[in-house]
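This briefing is for a reader new to the structure shown below. Please look it over before reading the notes that follow.

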Amino acid sequence: MADSAQAQKLVYLVTGGCGFLGEHVVRMLLQREPRLGELRVFDRHLGPWLEELKTGPVRVTAIQGDVTEAHEVAAAVAGAHVVIHTAGLVDVFGRASPETIHEVNVQGTRNVIEACVQTGTRFLVYTSSMEVVGPNTKGHPFYRGNEDTLYEAVHRHPYPCSKALAERLVLEANGREVHGGLPLVTCALRPTGIYGEGHQIMRDFYRQGLRLGGWLFRAIPASVEHGRVYVGNVAWMHVLAARELERRAALMGGQVYFCYDGSPYKSYEDFNMEFLGPCGLQLVGARPLLPYWLLVFLAALNALLQWLLRPLVLYAPLLNPYTLAVANTTFTVSTDKAQRHFGYEPLFSWEDSRTRTILWVQAAGSSAQ
Ligand SMILES: NC(=O)c1ccc[n+]([C@@H]2O[C@H](COP(=O)([O-])OP(=O)(O)OC[C@H]3O[C@@H](n4cnc5c(N)ncnc54)[C@H](O)[C@@H]3O)[C@@H](O)[C@H]2O)c1
Ligand SMILES: C[C@@H](CO)CCC[C@@H](C)[C@H]1CC[C@H]2[C@@H]3[C@H](O)C=C4C[C@@H](O)CC[C@]4(C)[C@H]3CC[C@]12C
């Protein structure tokens, strides 16, 4: 990536490259990274769609592997110029144990960092999360905050705990000497709630609405704002950050960036209706149909049932004390740090993001019938 080697083709590795975000990062790199020579896609579960990418001009190497296995990660990282580490266990519903979440998100990230150090890879972009900051368990609002906004980040749930620990590892690794003697340069991107093509929770809400005859029922006040960002813009921010890390190492190294775009500030449910409405669903109620205390009770009951049934069956409904707190607490960001540091501007307008998501929901919904 030095000036003398402008024409040098680069090897990129994307961990978790077959996930919701990872697939968009992979496709974005192929479309928008002119210096890409080889793209390694590392995931525990490889998607069949990767096959069609192998026929293009850039060499695409699919690597089935587990980030918790240090030797598999080291083999994948060896010879890569840039690593985009997006693999993670995204579970706020109690499907996986806290130990597994920690193992994948924290130990997996440690393995990626050590692999970079051992093999001489110098540039690492980590997909963190807004949840590293909040919402916190006290329900404090974070209103249009930025990377410097003071906020009491209190983590108890295994998922945000693991993302916070992993983010810290990545930031602390900035400046470490890698094999060959040069310093590692790292940064972390913190997306708000991501939506777009491939968003399984959106598809689940759509299917649930269809099952209920086209109705969804308001549970969260319309006044609670929840930050959302289009997946194409998140992918674009990763590509830009990865591209600029070398040239702007002193500025970007060890930094965090919230990842958001022009998507409107709305409640979680009202925002979903931007897509589900045009697909024929209606949200019933200008106010929540159930009192908040009853939702708290139901969420606690779900948590109890999950615990009681665990030896027999996995009971993991959407509503639990954590998801209720997240959905019911205002958390929105407003920042130009990524724009100032590496020129990030959303690639997709809100209108484009909305249209693309609606088309995907319609297609995903009908294929489920
Ligand atoms: N979805 C969101 O709203 C959101 C918001 C902020 C941050 N994030 C972060 O973005 C990243 C991607 O999230 P996503 O929503 O695309 O989730 P996802 O589950 O769709 O993708 C994660 C990918 O990681 C892979 N993976 C999981 N465990 C692995 C392991 N042990 N070894 C190798 N690969 C493994 C999965 O197979 C999957 O393909 C995560 O790090 C997540 O914490 C997501
Ligand atoms: C109370 C229900 C009535 O309809 C709504 C429950 C919705 C919840 C399931 C989701 C509300 C907010 C979501 C989270 C948020 O968008 C940000 C996230 C960060 C990311 O790193 C992982 C996903 C998530 C935790 C996301 C998960 C689903 C919600 C809790």
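Helices and strands here are runs assigned by DSSP, with at least four residues for a helix and at least two for a strand, numbered from the N terminus. The model is predicted. The notes cover two annotated regions, a nonpolar patch, one helix with a buried side, the cysteines and one loop residue.

**Annotated regions**
- An unreviewed UniProt entry gives residues 13-283 the annotation "domain: 3-beta hydroxysteroid dehydrogenase/isomerase".
- In the model, residues 13-283 are 38% helix and 20% strand, and the C-alpha atoms at the two ends lie 42 Å apart.
- The feature "transmembrane region" is placed by UniProt, again in an unreviewed entry, at residues 289-309.
- Residues 289-309 are 86% helix and 0% strand, with 28 Å between the end C-alpha atoms.

**Nonpolar patch and helix α10**
- Trp293, Phe297, Leu301, Leu304, Leu305, Trp307 and Leu308 make a nonpolar surface patch of about 770 Å².
- One of these patch residues, Leu308, belongs to helix α10, which spans residues 292-309.
- Leu308 counts as partly exposed because its relative accessibility is 48%, and partly exposed means between the 20% limit for buried and the 50% limit for exposed.

**Helix α3**
- Helix α3 covers residues 70-77, and its buried residues include Val73, Ala74, Ala76 and Val77.
- These residues are on the same side of α3, because the arc they cover around the axis is only 165 degrees.
- An α-helix has 3.6 residues a turn, so residues three or four places apart point the same way.
- His71 and Ala75 are exposed on the other side of α3.

**Cysteines**
- How many disulfides does the model have? The count is 0, where a disulfide requires two cysteine sulfur atoms within 2.5 Å.
- For Cys116, the closest cysteine sulfur is that of Cys187, and the two sulfurs cannot bond because they are 12 Å apart, which is too far.
- Cys116 is buried, its relative accessible area being 0%.
- Cys161 has a relative accessible area of 24% and is therefore partly exposed.

**Leucine 347**
- Where is Leu347? Leu347 sits in the loop between α12 (337-342) and α13 (350-367).
- With a relative accessible area of 29%, Leu347 is partly exposed.
- Leu347 and Gly145 are separated by 202 residues in sequence and by 22 Å in space, taken from C-alpha to C-alpha.

Definitions and conventions: Residues numbered from 1 in each chain as written. Chains lettered and ligands numbered in written order. Predicted model: local features only at pLDDT ≥ 70, side-chain atom pairs only at ≥ 80, totals over all residues. Heavy atoms only, no water. Patch = residues over 30% accessible without salt bridge, like charges linked within 9 Å, V, L, I, M, F, W, Y side chains within 5 Å. Areas by Shrake-Rupley, 256 points an atom, 1.4 Å probe, with all protein chains shown as cover. Salt bridge = Lys/Arg side-chain N within 4 Å of Asp/Glu carboxyl O. Buried < 20%, exposed > 50% of the residue type's maximum accessible area, 1.4 Å probe, protein only. UniProt positions renumbered as here; feature names shortened; annotations may be inferred. Arc of directions from axis to C-beta.
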